[in-house]
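Colleague: I'm new to this one and would rather start small than tour the whole thing. Could you pick a single part and take me through it closely, along with whatever it sits against?

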Amino acid sequence: MSKCILGAAALTLALLGSGTANAANLKAHLDAPGWNGRVIPPGQQCHRFGGHGATPRIAVSDIPPGTQALVLAFSDQDYPPMNHGGHGVIAYILPPGTGTTALVPSVPGHTFDLPHGFFIVHPHANPKHDIAGAYMPPCSGGKRHMYSVTLEAVTLNAAGSPATVLGTTRLDLGRY
């Protein structure tokens with residue numbers, strides 16, 4: 001899958017897509033050592049504050065039939081400019097034959113070069129604050145901001161962009 005960057009219209013569609021009123025509730029939990037949803041693990045912060053962070057591996061269940069990809073919007077809930085996907089929005093294309101569960105692999109921060117199966121919906125919103133890339137790890141400097149990820153199960157249109165939201169959930173990553 002090519003690593004493409006989609007425009008603001010696709011981001012809006014991914015986050016507010018048609019069908020959200022009837023979207024099913026996904027279930028998700030952190031499936032990575034050190035990630036407990038309360039505190040960001042040491043070293044998982046942005047480069048500016050001495051880290052080399054990556055997204056945690058996330059286990060997702062109750063994926064609705066017809067889901068082709070999972071969109072992950074990373075946010076700093078305590079800093080409005082970086083909320084609602086400000087830390088980056090990426091999508092993971094589900095492998096053929098995926099049923100109602102999936103394990104979303106970890107993605108490194110500070111890069112546009114994503115692992116196979118991922119594409120960029122929207123890079124993080126503040127490349128002047130830290131290193132540009134698809135995902136910026138928590139970067140509040142230890143001010144106890146709450147970081148989260150919103151996951152959406154989506155269909156893809158003919159161009160490979162998120163189209164219809166079939167399910168959604170939000171997961172706390174922790175405070176930094």
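Modeller: A strand here is a DSSP run of E at least two residues long, and strands are numbered from the N terminus. With that settled, let's go to strand 8. Bear in mind that this is a predicted model. The mean pLDDT of the chain is 90, with 88% of residues at 70 or more. One stretch to treat with care is residues 1-19, where pLDDT stays under 50.

So, what does strand 8 look like? Strand 8 is mostly covered, with 10 of its 11 residues buried. On one hand, strand 8 is joined to strand 4 by eight bridges, and the two run antiparallel. You can find one spot in that pairing by looking for Ala69, which stands opposite Val154 of strand 8. On the other hand, 10 bridges join strand 8 to strand 9, again antiparallel. Here Val149 is a handy marker, since Val149 stands opposite Leu171 in strand 9. Strand 8 and strand 9 make a hairpin with five residues between the strands, and Gly160 there takes a positive phi near 85 degrees.

Now for what strand 8 packs into. The largest nonpolar core has 29 residues, and Ile58 and Leu72 are the ones touching the most other members. Several elements give two or more residues to this core, among them strand 4 (69-76), strand 8 (146-156) and strand 9 (162-175). Strand 8 supplies the largest share, four residues. There is also a second, separate core of 12 residues, and Val154 and Leu156 are in it, along with Ala69 and Val71. That puts the facing pair we met earlier, Ala69 and Val154, in the second core together.

Ile58 is a good residue to click on for a view of the largest core. Leaving out residues up to four places away in sequence, Ile58 touches Val149, Leu151 and Leu171, as well as Leu72. Val149 and Leu171 are the facing pair from strand 8 and strand 9. Ile58 also reaches other neighbours, including Ala28, Leu30, Ala102 and Val104.

Those last neighbours bring in a second group of strands. Strands 2, 3 and 6 form an open sheet in the order 2-3-6, with antiparallel pairing. Strand 2 (27-30) and strand 6 (101-104) are its edges, each pairing on one side only. From one strand to the next, the twist averages 15 degrees. Strand 3 (residues 58-61) pairs with strand 2 over four bridges, and Val60 of strand 3 is the bridge partner of Ala28.

One last stop is the loop between strand 7 and strand 8. A search of the whole structure finds one disulfide, formed by Cys46 and Cys139 with their sulfur atoms 2.0 Å apart. The torsion about their S-S bond is about 65 degrees, so this disulfide is right-handed. Cys139 sits in the loop between strand 7 and strand 8, Cys46 in the loop between strand 2 and strand 3, and the two are 93 residues apart, linking distant parts of the chain. Are these cysteines buried or exposed? Cys46 counts as buried because its relative accessibility is 0%, and Cys139 is buried too, at 6%; the cut-off for buried is under 20%.

Definitions and conventions:
Residues are numbered from 1 along each chain as its sequence is written. This is a predicted model: local features need pLDDT of at least 70, side-chain atom pairs count only at pLDDT 80 or more; totals for chains, interfaces and linings use all residues. Side-chain values use heavy atoms; hydrogens and water are left out. Two strands pair if DSSP finds at least two bridges between them. Axes are lines fitted to C-alpha atoms, for helices over the stretch in contact, and angles run from 0 to 180 degrees between N-to-C directions. A nonpolar core is a set of buried Ala, Val, Leu, Ile, Met, Phe, Trp, Tyr and Cys residues joined through side-chain atoms within 4.5 Å. Buried means under 20% relative accessible area, exposed over 50%, partly exposed in between (1.4 Å probe, protein chains only). Contact means heavy atoms within 4.5 Å. pLDDT is the predictor's confidence in each residue, from 0 to 100. A disulfide is a pair of cysteine sulfur atoms within 2.5 Å.
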